[in-house]
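Here is a set of short exercises to work through with the structure open beside you. Try each task yourself before you read the solution below it.

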Amino acid sequence: MQLGRHFTFRLTGFRKLLILFVLIAVGAALYRFVFGLGAVTNLSDEWPWGLWIGFDLLCGIALAGGGFSTALIVHVLHKDKYLPIARAALVTSMLGYIIALVSLFLDIGRWYNFWRPFFYWGFHSVLFEVFWCIAIYTTVQILEFGDIFFEKFRVPALQKILHKLMPFLLILGIVLPSLHQSSLGSLYIVAVDRLYPLWWSMIIPFFFVWSAFFLGPAMVTVEGTLAARAYGREPETDVFSSLTKVTLVMLIIYLIVKIADLVYRGVLGMAFNGAFESNMFLIEMIVFIILPIIMYATPSIRNSQNGVLIASILVVVGVVFNRMNVVFTGMAKAMGGSYFPTIWEFAITIGMWSGLVLAYCFIVENFPIMAKEDHTHGSGHSVGTGTGFQA
Amino acid sequence: MSKGVLIDVTRCIGCRSCQVSCKSWNDLPAKMSEFSNNWDSPGKLSADTWTNVNYYLIEEGDQLKWRFVKKQCMHCNEPACESACFTHSFVKTKEGAVIYKPTDANKDYCVGCRYCMVACPFGVPGFQWDKAFPYVLKCRFCYDRMQEGLEPACVSSCPTQTLTYGDRDELLALAWSKINNDPRYVKHVYGEKEYGGTSWLYISDVPFDKIGFRTEAFGQPVTQRSIPSLTWDVLKWTPAIFFGWGAVLTIMRAYTKRRAEVHNESELYEPVDNK
């Protein structure tokens, strides 16, 4: 499908299905805006936050962690080996943040007031920091993307301004997410005496920002492999297996700090008391932390395309699992009542993520995001000589 | 002076006058009672029900006794809802009431994010789920009456002197003198220290954990620190992290840049062809 002079977008059957999901979500969202949250969701006074905040916002932001960790590795540490994945990571992250903002907008009751925190400062609220950081960081990412945009549409004056701003934006683009990724954890400090002690901790912000960071390379691996398969390209397997070193070290540190924190607070024993929460915690630690550590530490696994993919999927799912445990599993007993999302809550969530996939496809097909394939090599490796990728 | 109310659970007869007067003074809609296996009606707090009397049947040996416990916002000394609100829509007044600015001060800042509801350790604030533009509502300590020198509607309607309105410090002294002069009472004023203390205080002759109060969580006594102070312990590092981490990154970037090759980024990437 030709969209104007500059854009193309091929409509496959799968994409038409995704568009249908988006349309259903838009319908449900309009209904929600007119008739209120009670008409569309199963939220209650016991469960004020549900699927949209727990999954779309908390997980969306965490999964977008690939943006800031890649930015740190590529643009601050100048590890040029990873340049081929830098732009794809930025785009995914930007779209993840847009999803988070959309779901927040859907979830707030008095949505016409969404701009109030810019003017009425509840600076003693963790949410205040989260709101400011996410708003500014999304803007920063859009500006960073603007640099790519103007490679296609040349507007020299704007390009010049953006280039001048870029060093500042890059630093801001790492500092802000570091702050609010941790603050998303700090949000749950208020849940003292209610959030199960295996998750509640005064250093929960550390666990959130650290996991968002180590999730980054894993997310880039999963997304890069999927995109490569979808577009019939060769995945950047050697970049991915090299990235596992970062994730591996960070996972080990995470595990050590986690255990030390539990021992320090004297609740390590709770992990083995057989309660539902404790078993979920053990699954989180064994399947999604220790198992990936073993897989990443085994050269034959991390150097194979499927091995690194599966280990990375475990890490990604593990972070989602952790966030779900904090929001739902760990709070369930204290909140009382019960919550399961309605079909409309699911419809809106599915619609938003379908929109993300469509936007991603549109952007990579119309803008220079993926590394150029090196056609002189038979294997099709994009990290080749002659393109200046080698560090 | 910061005001408070002392609730003496031993005196309550469960007549629900407080519920009725609360609804009528605050003009709150009535709700049809539903059949259930207890005597509570409606049973829990919500945006339309700011106070509610819970009924507890307590077994002590072969003795059975009813206890009736009025619940409402505790009006924390340092409210979690106030600190959680990113537009500062809840505020603790100097008189001790925790009020909601959109309805009580005509300042419509509330975004409806419901973080206050997540933050409240007593699960008090209620949300108008059926409204297109809902408010978060809860007991406001009859702030309007308080300013006119009147006691809260519920206190004025209580026929058994279960509720005593006054300065919090004096009520606390009264509570302890009652406890010390009558061996029936549990030696605990609920609200004196819980979560940094609350304006509303309870004394009882049955253990508090049997009448719907959390005295311990996960085997530990509930925290005596206020929730805002816990949050602030973390939040106060924000500016230092912002500038410190920013400086570290800037230095690292400058340091590694000297050794890095210069790339023309526009030559590294291309749009993918979806064939």
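**Exercise 1. In this predicted model, find what share of the residues in chain A is buried, and describe the overall build of the chain.**

Solution. Start with burial: 51% of the 391 residues of chain A are buried. Next, look at the secondary structure, where chain A shows 14 helices and 3 strands. Then turn to the dimensions: the C-alpha trace spans about 60 × 50 × 40 Å along its principal axes. A compact globule of 391 residues would have a radius of gyration near 21 Å, and chain A, at 21 Å, agrees with that. Finally, consider the contacts with a separation of 6 or more: in chain A, 77% of them are between residues 24 or more positions apart.

**Exercise 2. Do the same for chain B: is it a compact globule or more spread out?**

Solution. Begin with the elements of chain B, which are 9 helices and 12 strands. For 275 residues the globule rule gives 19 Å, but the radius of gyration of chain B is 25 Å, well over that value, so chain B is more spread out than a compact globule. Now check the box: along the principal axes, the C-alpha atoms of chain B fill roughly 85 × 45 × 40 Å. As for burial, 40% of the 275 residues of chain B count as buried. To finish, residues 24 or more positions apart supply 59% of the chain B contacts with a separation of 6 or more.

**Exercise 3. Work out which element of chain B gives the most residues to the side that touches chain A.**

Solution. First count the two sides: 62 residues of chain B are in contact with 59 residues of chain A. Then list the elements of chain B that give two or more residues to its side; among them are α2 (80-84), α8 (227-235), α9 (238-257) and β12 (269-270). The top contributor is α9(B), with 11 residues. Sorted by type, the chain B side has 37 nonpolar, 15 polar and 10 charged residues.

One of the listed elements, β12 of chain B, deserves another look. Strand β3 (residues 370-371) of chain A pairs with β12(B) in the antiparallel sense, over 2 bridges. Within this pairing, A:Ala371 stands opposite B:Tyr269.

**Exercise 4. Compare the expected and actual span of helix α7 of chain A, then locate its bend.**

Solution. Take the 31 residues of helix α7 (residues 156-186) at 1.5 Å a residue, and the span should be 45 Å. The C-alpha atoms at the ends of α7(A) are 43 Å apart, which agrees. Now follow the helix axis: α7(A) bends by about 50° at A:Met166. A proline, A:Pro167, follows within four residues.

**Exercise 5. Decide whether A:Thr92 and A:Glu345 are buried or exposed, and find what each one touches.**

Solution. Place A:Thr92 first: it sits in helix α4 (residues 83-107) of chain A. The cut-off for a buried residue is 20 or more other C-beta atoms within 10 Å. A:Thr92 has 26 such neighbours, so A:Thr92 counts as buried. Not counting residues up to four places away in sequence, A:Thr92 touches A:Ala64, A:Gly66, A:Gly67, A:Glu223 and A:Tyr360.

Now move to A:Glu345, in helix α14 (residues 343-366) of chain A. With 25 other C-beta atoms within 10 Å, A:Glu345 is buried. Its contacts beyond four places in sequence are A:Val40, A:Thr41, A:Gly50, A:Leu51 and A:Trp52.

**Exercise 6. Determine how strand β1 of chain B is enclosed and which strands pair with it.**

Solution. Count the buried residues of β1 (residues 3-8) of chain B: 6 of the 6 are buried, so the strand is largely enclosed by the rest of the structure. Both faces are covered, with B:Lys3, B:Val5 and B:Ile7 on one side and B:Gly4, B:Leu6 and B:Asp8 on the other.

Next, trace the pairings. β1(B) runs antiparallel to strand β8 (residues 163-167) of chain B, joined by 5 bridges. β1(B) runs parallel to strand β9 (residues 200-203) of chain B, joined by 4 bridges. B:Ile7 has a bridge partner in each strand: B:Leu163 in β8(B) and B:Tyr202 in β9(B).

Key:
Residues are numbered from 1 along each chain as its sequence is written. Chains are lettered from A and ligands numbered from 1 in the order in which they are written. This is a predicted model: local features need pLDDT of at least 70, side-chain atom pairs count only at pLDDT 80 or more; totals for chains, interfaces and linings use all residues. The radius of gyration is taken over C-alpha atoms; the globule rule is 2.2 Å times the number of residues to the power 0.38. A residue is buried if 20 or more other C-beta atoms lie within 10 Å of its own, exposed if 12 or fewer, and partly exposed in between; C-beta atoms are placed from the backbone. Two residues are in contact if their C-beta atoms, placed from the backbone, lie within 7 Å. Ala, Val, Leu, Ile, Met, Phe, Trp, Tyr, Cys and Pro count as nonpolar, Asp, Glu, Lys and Arg as charged, and the others, Gly among them, as polar. Two strands pair if DSSP finds at least two bridges between them. The expected span of a helix is 1.5 Å times one less than its number of residues. The bend at a residue is the angle between axes fitted to the seven residues ending there and the seven starting there.
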